[in-house]
Amino acid sequence: MLGTVLVPLDGSTFAEAALPIAAKLVRTAQGRLHIFVAHQAVVPVVGMWEMVGPPEQLNEEQRRWETAYLSETAAGLGQVGDGPVRTHHTDGRPGEGICEEAGEIGADLIVMATHGRGALGRMWLGSVADFVVRHTTIPVLLVHPERDSKPSPGIALQGILVPVDLSAESEAVLDAVLTITKLTQAHVTLLHVVQLLFEVSEPTLPYPIPVDPVIINQLRTDAESRLERLAERFRQRGMGVSTRVVIGASAAGAVLDALEEPGFDMVAMTTHGTRGLRRFLLGGVTDKVIRGARKPVLVLRPPGMDR
């Protein structure tokens, strides 16, 4: 069920690029759309390396602007889902505020831009969006706005690419995909990449080593069988699904290449792989896909994972 969707904003058109797809999902689900702004106090520099506390008047003016911005944005969206858009305005760091607000309102999905500079000069990429992905177990739909472009009202979700590495963690995103697929009737493609090179951490073997062709064939056969079993979860609900196993040198590269195909409008992944490390794939497959994709990326941190 997709009952509550939260969209963090910062006053920029970059951040607002998340609104069309969020509003479309909420309207279809007849859910509730919430928009959010975190107020951060500005500390002005008055001399070389000298900083003073901001005048309260400046903060009050800033808060009034943020409140007016939220009201105007909500009014511009009108009725979305089961009623008017709800607005939320809190003090504090944006990343922490988004995670806390999402928990308080019981959000089923967070939709946000991956970058953009707002009226207060904040950057999303590498900071706010990255923090949210790392610190919430709520699915996060990341939208990649183009510079100097306006949000497009015509968001289509006809095909969703779902890379899985056959671990329980990577399959955790399937429930979120099922929810979105039920709303959009999108066709799902389950993808597994068999890598030609095996990366090792042994100091005496500093470089990846080739995988034996016999092993590659066995990995491909095992993957095909596992993907078919996962596909049954979609077929039993009458949803369109297909499976694909590819062999390549780079899992992230294979995912990004597939995502560029015309039939895909979104990619959905978890933040954990099968390397036995209880960590996020910063610099790994998920991180590379998030930063390299030009289409929306649905990301989920499975519950119980280390931060």
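Let's start with Leu-298, and with what it touches once we set aside its neighbours within four places in sequence. In this predicted model, the contacts of Leu-298 include Leu-109, Pro-139, Val-140, Leu-141, Val-173, Ala-176, Val-177 and Ile-180. Met-266, Val-267, Ala-268 and Met-269 are in contact with Leu-298 too.

Which residues touch the most other members of the largest nonpolar core? Leu-298 is one of them, together with Val-111, Val-162 and Leu-190, in a core of 48 residues. The element that gives the most to this core is α2, with six residues. Apart from that core lies another, of 34 residues, and among its members are Cys-99, Val-193, Val-255 and Leu-259.

Now let me zoom out for a moment. The chain has 10 helices and 16 strands. Of its 307 residues, 47% are buried. For those of you who like contact maps: among contacts with a separation of 6 or more, 76% are between residues 24 or more positions apart.

On to the sheet. It is open, has 10 strands and mixed pairing, and its order reads β7-β2-β1-β8-β9-β16-β15-β10-β11-β14. Which strands stand at the edges? They are β7, residues 86-91, and β14, residues 241-248; each has a single partner strand, so one side of each is left without a neighbour in the sheet. On average, and ignoring direction, neighbouring strands are turned by 25° against each other. Helix α9, residues 251-259, packs on this sheet and touches β10, β11, β14 and β15. The direction of α9 makes about 150° with that of β11.

Let's walk across some of the pairings. Strand β1, residues 4-8, runs parallel to β2, and five bridges join the two. If you want a spot to click on there, Leu-6 stands opposite His-34 in β2.

Further along we reach β9, residues 140-143. As a reminder, in a regular strand the side chains alternate between the two faces of the sheet. Are the residues on the two faces of β9 buried or exposed? Val-140 and Leu-142 on one side, and Leu-141 and Val-143 on the other, are all buried. On the pairing side, β8, residues 109-113, is parallel to β9 and joined to it by four bridges, with Met-112 opposite Leu-142. With β16, residues 297-300, strand β9 runs antiparallel, and three bridges join them. Here Leu-142 comes up again: its bridge partner in β16 is Val-297.

From β16 we step to β15, and this pair is parallel, with four bridges. Met-269 has Val-299 as its bridge partner in β16. Strand β15 also runs parallel to β10, through two bridges, and Leu-161 stands opposite Val-267 in β15. How many of the five residues of β15 are buried? Five of the five are. Met-266, Ala-268 and Thr-270 cover one face, while Val-267 and Met-269 lie on the other.

Next, the helices α2 and α7. Their axes come within 9 Å and cross at roughly 75°, and the two helices are therefore roughly perpendicular to each other. At the contact, Leu-25, Thr-28 and Ala-29 of α2 meet Ile-180, Leu-183 and Thr-184 of α7. Those residues divide into four nonpolar, two polar and no charged. You may recall Ile-180 from the start, as a contact of Leu-298. As for α2 itself, its buried residues are Leu-19, Pro-20, Ile-21, Ala-22, Ala-23, Leu-25 and Val-26.

One last thing, for anyone who looks at Ramachandran plots. Most residues other than glycine have a negative phi, and most peptide bonds are trans. Which residue with a positive phi follows α2? That is Gln-30, with a phi of about 55° although it is not a glycine. Gln-30 sits in the loop between α2 and β2, and at 51% relative accessibility it counts as exposed, because the cut-off for exposed is over 50%.

Gln-185 has a positive phi as well, about 60°, and is not a glycine either. You will find Gln-185 in the loop between α7 and β11. With a relative accessible area of 60%, Gln-185 is exposed. So the two helices that cross at roughly 75° lead us to these two glutamines, Gln-30 in the loop after α2 and Gln-185 in the loop after α7.

How values were computed:
Residues are numbered from 1 along each chain as its sequence is written. This is a predicted model: local features need pLDDT of at least 70, side-chain atom pairs count only at pLDDT 80 or more; totals for chains, interfaces and linings use all residues. Side-chain values use heavy atoms; hydrogens and water are left out. Buried means under 20% relative accessible area, exposed over 50%, partly exposed in between (1.4 Å probe, protein chains only). Axes are lines fitted to C-alpha atoms, for helices over the stretch in contact, and angles run from 0 to 180 degrees between N-to-C directions. Angles under 35 degrees count as roughly parallel, over 145 as roughly antiparallel, 65 to 115 as roughly perpendicular and the rest as oblique. Contact means heavy atoms within 4.5 Å. Ala, Val, Leu, Ile, Met, Phe, Trp, Tyr, Cys and Pro count as nonpolar, Asp, Glu, Lys and Arg as charged, and the others, Gly among them, as polar. A nonpolar core is a set of buried Ala, Val, Leu, Ile, Met, Phe, Trp, Tyr and Cys residues joined through side-chain atoms within 4.5 Å. Two strands pair if DSSP finds at least two bridges between them.
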